[in-house]
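Biologist: Let us go through this model together. I will ask, and you will reason from the structure.

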Amino acid sequence: MSDSSLSKRRLTICVVGSGGVGKSSITLRYLSDQFPEFYDPTVEESYITKVEYGANMHDVEIIDTAGQEEFMSFRDSSMAHGDAFLALCAINSYSSFVELKVLREKVIREHDGDTDVPMVIVANKRDLENCRQVSVDDLVAYCNQINCPFMETSAKTRLNVCESFRLLLDRVNLLKQKKFYQSIIPEESEDYIPDHTEKKCVIS
Ligand SMILES: Nc1nc2c(ncn2[C@@H]2O[C@H](COP(=O)(O)OP(=O)(O)OP(=O)(O)O)[C@@H](O)[C@H]2O)c(=O)[nH]1
Ligand SMILES: [Mg+2]
């Protein structure tokens, strides 16, 4: 896969979702392979890292946003500046799934109605299967409806943590290519070849 459509400038990834779904845990697991058992609500944390993608290293900023109500103003300003979004819910919390849908709409509004803003839906805490409230069917139906890939993860066991960030970079790359081709070949043109290769969803 070509990495040429990942921009040379820094890519900003926002990790969003309601309070306690595991945004900080998945970020720390990805960046330093740590898992904090305790819960310390985040105001906002930002990390700069380099990520290998394709043949090159890319500068990436990861913003671990707030989920708690009292810190929402920080989150909203970060959402407006994010290039790509890991949108989390936790499989043991149906309300976090409902909140995720609201958050996605908010991200789209912040990006001038662009439904192609790069996003991966992440259903975290997969290790808590016995307490599951969000079914795979619910997730598949929603992600097919919004044409967005998803993964089930566990920050605790490491399941699919790196893979979900990687999937988001793939998504950034794919959507940039799509926008580029749409800009040079209008959809009504007979030469336009729709991309049917997009993955609709990914099940762990
Ligand atoms: N069992 C299990 N617990 C998890 C997992 N991910 C996070 N947790 C726990 O869930 C709690 C909240 O995790 P955080 O990562 O702080 O959640 P957050 O989304 O950053 O919360 P806010 O910053 O308040 O929005 C902590 O006690 C974590 O240890 C997971 O995959 N499995
Ligand atoms: Mg946090």
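**Helices, sheet and ligand shell**

Modeller: Helix α1 (residues 23-32) packs with helix α5 (residues 161-184), their axes 9 Å apart and at an angle of about 90°. That makes α1 roughly perpendicular to α5. Keep in mind that this is a predicted model.

Biologist: Which residues of α5 does α1 meet?

Modeller: Start on the α1 side. I26, R29 and Y30 make the contact there. The residues of this contact divide into 5 nonpolar, no polar and 1 charged. On the α5 side, the residues met are V161, C162 and F165.

Biologist: How many of the residues of α1 are buried?

Modeller: Buried here takes 20 or more other C-beta atoms within 10 Å. In α1, the residues that pass are K23, S24, S25, I26, T27, R29 and Y30. The helix is mostly covered. The count is 7 of its 10 residues.

Biologist: What do those buried residues pack against?

Modeller: One partner is a helix we have met, α5. The others are strands. The full set is β1, β3, β4, β5 and α5.

Biologist: What phi does D33 take?

Modeller: D33 comes just after α1. Its phi is positive. The value is about 50°.

Biologist: Now the whole protein. What pattern does it follow along the sequence?

Modeller: Count the elements to begin with. There are 5 helices and 6 strands. Read along the sequence, they give β-α-β-β-α-β-α-β-α-β-α.

Biologist: In what order do the strands stand in the sheet?

Modeller: The sheet is open and has 6 strands, with mixed pairing. β2 (45-53) and β6 (150-152) each have a single partner strand, so they stand at the edges. One side of each is left without a neighbour in the sheet. The order is β2-β3-β1-β4-β5-β6.

Biologist: What is the average twist from one strand to the next?

Modeller: Take the sheet strand by strand. The twist averages 25°.

Biologist: Why is β1 described as largely enclosed?

Modeller: Look at its partners. β1 pairs with β3 in the parallel sense over 5 bridges, and 5 bridges also join β1 to β4, again running parallel. Then look at burial: the strand is largely enclosed by the rest of the structure because its buried residues number 6 of the 7.

Biologist: Which residue is the bridge partner of T12, and which stands opposite I13?

Modeller: Each residue points us to a neighbouring strand. For T12, look in β3, where the partner is E61. For I13, look in β4, where the residue opposite is A84.

Biologist: Which residue of β5 stands opposite A87?

Modeller: Strand β4 (residues 84-90) pairs with strand β5 (residues 119-124). They run in the parallel sense, over 6 bridges. Opposite A87 in β5 stands I121.

Biologist: At what angle does α2 run to β1?

Modeller: Helix α2 covers residues 72-81. It lies across two strands, β1 (11-17) and β3 (56-64). Its angle to β1 is about 140°.

Biologist: Is D112 buried or exposed?

Modeller: D112 lies in the loop between α3 (94-110) and β5. Its phi is near 55°, a positive value in a residue other than glycine. For burial, a residue with 12 or fewer other C-beta atoms within 10 Å counts as exposed. D112 has 7, so it is exposed.

Biologist: And K125, buried or exposed?

Modeller: K125 sits in the loop between β5 and α4 (136-146). It also has a positive phi, about 65°, although it is not a glycine. Within 10 Å of K125 there are 27 other C-beta atoms, so it is buried.

Biologist: Which element gives the most to the shell around ligand 1?

Modeller: The shell holds 24 residues, and G22, S24, S25, T42 and G67 come nearest. By type they divide into 8 nonpolar, 11 polar and 5 charged. With 3 residues, the top giver is α1.

Biologist: Last one. What share of long contacts joins residues at least 24 apart?

Modeller: Burial gives a first overall figure: buried residues make up 35% of the 204 residues in the protein. For contacts, count those between residues at least 6 apart in sequence. Of these, the share joining residues at least 24 apart is 72%.

Definitions and conventions. Residues are numbered from 1 along each chain as its sequence is written. Chains are lettered from A and ligands numbered from 1 in the order in which they are written. This is a predicted model: local features need pLDDT of at least 70, side-chain atom pairs count only at pLDDT 80 or more; totals for chains, interfaces and linings use all residues. Two strands pair if DSSP finds at least two bridges between them. Helices (H or I, at least four residues) and strands (E, at least two) are DSSP runs, numbered from the N terminus. Axes are lines fitted to C-alpha atoms, for helices over the stretch in contact, and angles run from 0 to 180 degrees between N-to-C directions. Two residues are in contact if their C-beta atoms, placed from the backbone, lie within 7 Å. Angles under 35 degrees count as roughly parallel, over 145 as roughly antiparallel, 65 to 115 as roughly perpendicular and the rest as oblique. Ala, Val, Leu, Ile, Met, Phe, Trp, Tyr, Cys and Pro count as nonpolar, Asp, Glu, Lys and Arg as charged, and the others, Gly among them, as polar. A residue is near a molecule or strand if its C-beta atom, placed from the backbone, lies within 6 Å of it.
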